[in-house]
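Biologist: I would like to learn how to read a model of this kind, one feature at a time. Please start with a single contact and work outward.

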Amino acid sequence: EERSSVVATIGAPAPSFELRDTEGNAVSLESLKGRKSLIVFIPFPFTGTCEGELCAIRDRLAELNDLDANVVAITTDTVFSNAEWSKKNGFRFPVLSDFWPHGVVTEAYGTFDPKVGAANRSTYVLDADGVVRAIVATETRKIAREFDAYIEALNGI
């Protein structure tokens, strides 16, 4: 299978995608345009650090709405696993599955780790036109992203 060599970079249009949410509905990059967006790549559902990060977004979603920002999380796990995780935690934003072909979107954004078959901890901050304006990432999967970094990045757009 042909994998894209395009990687998300600051100042360039984000790689387009269309993935399924927890209800099986298609969500595309195109559908997010018109508002700023956080594309939040999550290594593994049902793990403490990932859950903590998305719970912080859940609890402070109003702040992101005030900044006119969409939020979508993307995992390389299945729609079914994402649905259980999302329901358990009461996430009110799409959690998308990049399960098959495995990790194609995650790889297009340059954050796929082939050693574990999952995303690194990276968030792409897009403007309303779908251009990458900032990348919030941590050096290892063990370290959580700081929610305030999202506010700072969105305010900078």
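Modeller: This is a predicted model. Start with T76: a polar atom of the T76 side chain lies 3.0 Å from the backbone oxygen of G117. T76 itself is found in the loop between β4 and α4.

Biologist: Is T76 buried or exposed?

Modeller: The cut-off for buried is under 20% relative accessible area. T76 has 5%, so T76 is buried. Leaving aside residues up to four places away in sequence, T76 touches D98, F99, H102, G103, T106, F112, G117, A118 and A119.

Biologist: How do I read the two faces of a strand, and what do the faces of β3 show?

Modeller: In a regular strand, side chains point alternately to one face of the sheet and the other. In β3 (residues 36-41), six of six residues are buried. K36, L38 and V40 cover one side, while S37, I39 and F41 are on the other, and both sets are buried.

Biologist: Which strands pair with β3?

Modeller: β4 (residues 69-75) runs parallel to β3 and is joined to it by six bridges. Within that pairing, I39 has V72 as its bridge partner. β8 (residues 122-126) pairs with β3 in the antiparallel sense, over four bridges. There, L38 is the bridge partner of V125.

Biologist: Now a helix. How is the length of α2 checked?

Modeller: The expected span is 1.5 Å times one less than the number of residues. Helix α2 (residues 48-59) has 12 residues and should span 16 Å; its end C-alpha atoms are 16 Å apart, so the two values agree.

Biologist: Which residues of α2 are buried, and what do they pack against?

Modeller: An α-helix has 3.6 residues a turn, so residues three or four places apart point the same way. In α2 the buried residues are C50, E51, E53, L54, C55 and I57. They pack against β3, α3 (61-66), β4, α4 (79-89) and α6 (147-155).

Biologist: That list holds C50 and C55. Why is there no bond between the sulfur of C50 and that of C55?

Modeller: A disulfide is a covalent bond between the sulfur atoms of two cysteines. The cut-off here is 2.5 Å between the sulfurs. The closest cysteine sulfur to that of C50 is in C55, 11 Å away, which is too far for a bond. The count for the model is zero disulfides. Both cysteines are buried nonetheless: C50 has 1% relative accessibility, and C55 has a relative accessible area of 14%.

Biologist: What is found around C55 from farther along the chain?

Modeller: One example is G90, whose C-alpha atom is 8.5 Å from that of C55, although the two are 35 residues apart along the chain. G90 lies in the loop between α4 and β5 (95-97). Its relative accessibility is 32%, so G90 counts as partly exposed.

Biologist: Last, the nonpolar core. Which residues touch the most other members of the largest one?

Modeller: Nonpolar side chains tend to be buried together in soluble globular proteins. The largest core here has 25 residues, and L38, V40, L54, I57, L64, V71 and F93 touch the most other members. At least two residues each come from β3, α2, α3, β4, β9 (132-137) and α6. α6 gives the largest share, five residues. A second, separate core has 18 residues, among them F17, L32, Y109 and L126.

Biologist: And what does V40 touch?

Modeller: Beyond four places in sequence, the contacts of V40 include L54 and I57, along with V71, V72, A73 and I74. S122, T123, R145 and Y150 are also touched by V40.

Methods:
Residues numbered from 1 in each chain as written. Predicted model: local features only at pLDDT ≥ 70, side-chain atom pairs only at ≥ 80, totals over all residues. Heavy atoms only, no water. Buried < 20%, exposed > 50% of the residue type's maximum accessible area, 1.4 Å probe, protein only. Pairing = 2+ DSSP bridges. Contact = heavy atoms within 4.5 Å. Core = buried A, V, L, I, M, F, W, Y, C linked by side-chain atoms within 4.5 Å. Polar contact = N/O pair within 3.5 Å; in protein donor to acceptor, adjacent residues only side chain to side chain.
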